[in-house]
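Please look through the structure shown here with the paragraphs below as a guide. They move from the ligand to a helix beside it and then to a loop.

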Amino acid sequence: MSTEWMADGKCREYPAATFFPQDGVGVIKAQRICAECPVATACLEYALDNHVDHGVWGGKSERERRRLQRARRRGTLTVRAN
Ligand code: SF4
């Protein structure tokens, strides 16, 4: 999968640690940034395709992505970041 979308990620304007939060407040902060990101769907697809376990990607927390992975395995997932 291409990673050219990364150049347009809103997260480039913030410290990387913002997207690897230690608590729920940090997750919400990252998700608010992702909500304004023009490449959020590509980001989420990348994280799911590559089984990225850590951090907020495509506006989804680690727990949310695990849930999406399970839905994907069941064949009931349509990827949409926001
Ligand atoms: S969706 Fe979030 S983590 Fe992904 S590129 Fe955009 S700002 Fe970065």
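What follows concerns a predicted model, and the description begins at the ligand.

Around the ligand there are 13 residues, of which G9, C11, C34, C37 and C43 come nearest. Helix 1, spanning 24-34, and helix 2, spanning 40-49, each contribute at least two residues to this shell. Sorted by class, the shell is made up of nine nonpolar residues, three polar residues and one charged residue.

Helix 1 deserves a closer look, since C34 belongs both to the residues that come nearest to the ligand and to the buried residues of this helix, where V27 and A30 are buried as well. V27, A30 and C34 lie on the same side of helix 1, because they cover an arc of only 65° around the axis. The face turned away from this buried side carries exposed residues, namely V25, I28 and R32. Helix 2, which also supplies residues to the ligand shell, is included in what covers the buried residues of helix 1.

Beyond helix 2, attention turns to the backbone of one residue in a loop. H51 is found between helix 2 and helix 3, the latter spanning 62-74, and H51 has a positive phi of about 50° although this residue is not a glycine. As a general point, most residues other than glycine have a negative phi. Is H51 buried or exposed? H51 counts as exposed because 8 C-beta neighbours lie inside 10 Å, and a residue is assigned to that class when 12 or fewer are found within this distance.

How values were computed
Residues numbered from 1 in each chain as written. Predicted model: local features only at pLDDT ≥ 70, side-chain atom pairs only at ≥ 80, totals over all residues. Near = placed C-beta within 6 Å. Helix = DSSP H or I, 4+ residues; strand = E, 2+ residues; numbered from the N terminus. Nonpolar A, V, L, I, M, F, W, Y, C, P; charged D, E, K, R; others polar. Buried ≥ 20, exposed ≤ 12 C-beta atoms within 10 Å, placed from the backbone. Arc of directions from axis to C-beta. Contact = placed C-beta atoms within 7 Å.
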